[in-house]
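Please consider the structure shown below together with the report that accompanies it.

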Amino acid sequence: MKVKKMKERWAMHIPWKYLLCVLGMVLLCGFSGFQGSPVGTDEVSIYAWLHYSRQELLQMGELASDYSVMSCFTGMQWFVVILPVLAAFPAVTDFAGQWFGGYYYPSISRTTRRKYAARWMMKAAWQGFACVVAGILIYFVLVYLKFPHYREFGLEADSSMIAMAYGATAGKRLLVLALKVFHIGLLAAVFSMGSVALTVVCKEGFFAISSLALVEYFSQKLSSAYEGLMIVRYYNKGLEDVPLSCKLVRFLFPSNHLYYDQSFSYEYGVGYWLYLIFAGLLIAGICLWFYKMVKGRNG
């Protein structure tokens, strides 16, 4: 009887859609490229997790370490396309069921439209952030249990690629990894909030979610074409200093934002704090847009 009650409480507090998105996030991270592959093929980390022994991984060098695998969790080509789907699915399905299912007016009658809009935006942001970050952290635990720890390789800071790229101390490396996880969670929150607002416009949750995925897909393709143009116009001519106007064009491609936890400061010469201000303004704009649509609904 106690076991049955615990299962009922678990099902009540964590619906299947959240568990599905968390599992999807774990698999999405698991299909990131495995940098320590000894044969140079396009192996993914989930394959390495299942195929290689710990001793074999130790022989591959630091790129087969737990930190290397963790830091590359966004290294799947379709990561930025699938991320909006996983981030937005729980909130959009909940909201669409209420907005189009006849539960809007019973809900709005017990509160103001402003509080209604704020509550849904906060709920969407939290659900998107929590599902994505939970999936990433579960993936990290699985990686930690399987792959050799970075310190087991006994490398000096000046001879380690990981130390040069992410920091010579464990604290610095942990901070870089934590910022990366936070950044992906922030993007997930924005995707979730934007999808809820788009649901009102599209009048269908499926189109709201898929539209963001399509935007990211075409952004990725256009960004690749644009980088090819930059190579021809500047880098092939030995010009390393790209004009600021070209860098600002890069910022307009949403797919590039996936890596701005590290590349933003390098690209634009300012701290990550400025990107947080931009994200805050974007979130405020989505909230205001959503509130206006809630306020303008009559039927």
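The report below concerns selected helices and two individual residues.

## Helix α6

The model is predicted. Helix α6 covers residues 79–99, which gives it 21 residues. From the first C-alpha of α6 to the last the distance is 30 Å, close to the 30 Å expected at 1.5 Å a residue. The helix nevertheless bends by about 45° at Ala-88, and a proline, Pro-90, follows within four residues of that position.

Of the 21 residues of α6, 15 are buried, and the helix is therefore largely enclosed by the rest of the structure.

## Packing of α2 against α6

Helix α2 comprises residues 16–30. The axes of α2 and α6 lie 10 Å apart, and the two helices pack at an angle of about 175°. Because angles over 145 degrees count as roughly antiparallel, α2 is assigned that orientation relative to α6.

On the α2 side, the contact involves Trp-16, Lys-17, Tyr-18, Cys-21, Gly-24, Met-25, Leu-28 and Cys-29. On the α6 side, the residues are Phe-79, Ile-82, Leu-83, Leu-86, Phe-89, Pro-90, Thr-93 and Asp-94. Classified by type, this contact contains 12 nonpolar, 2 polar and 2 charged residues. Pro-90, which follows the bend at Ala-88, is thus among the residues of α6 that meet α2.

## Helix α14

Helix α14 spans residues 272–295 and has 24 residues. At 1.5 Å a residue it should span 34 Å, and its end C-alpha atoms are 35 Å apart, which agrees.

The buried residues of α14 are Tyr-272, Tyr-275, Ala-279, Ile-286, Phe-290, Tyr-291, Met-293 and Val-294. These residues pack against several helices: α6, α7 (104–108), α8 (113–146), α10 (170–202), α12 (244–251) and α13 (260–268). Helix α6 therefore has contacts with buried residues of α14, and 15 of its own 21 residues are buried.

## Two individual residues

Lys-203 is located in the loop that lies between α10 and α11 (205–233). Its phi is near 60°, a positive value in a residue other than glycine. With a relative accessibility of 61%, Lys-203 counts as exposed, since the cut-off for that class is over 50%.

Val-141 belongs to helix α8, one of the helices against which the buried residues of α14 pack. Val-141 itself counts as partly exposed, at 47% relative accessibility. Its C-alpha atom is separated by 9.5 Å from that of Met-70, although the two residues are 71 residues apart along the chain.

Technical notes
Residues are numbered from 1 along each chain as its sequence is written. This is a predicted model: local features need pLDDT of at least 70, side-chain atom pairs count only at pLDDT 80 or more; totals for chains, interfaces and linings use all residues. Side-chain values use heavy atoms; hydrogens and water are left out. The expected span of a helix is 1.5 Å times one less than its number of residues. The bend at a residue is the angle between axes fitted to the seven residues ending there and the seven starting there. Buried means under 20% relative accessible area, exposed over 50%, partly exposed in between (1.4 Å probe, protein chains only). Axes are lines fitted to C-alpha atoms, for helices over the stretch in contact, and angles run from 0 to 180 degrees between N-to-C directions. Angles under 35 degrees count as roughly parallel, over 145 as roughly antiparallel, 65 to 115 as roughly perpendicular and the rest as oblique. Contact means heavy atoms within 4.5 Å. Ala, Val, Leu, Ile, Met, Phe, Trp, Tyr, Cys and Pro count as nonpolar, Asp, Glu, Lys and Arg as charged, and the others, Gly among them, as polar.
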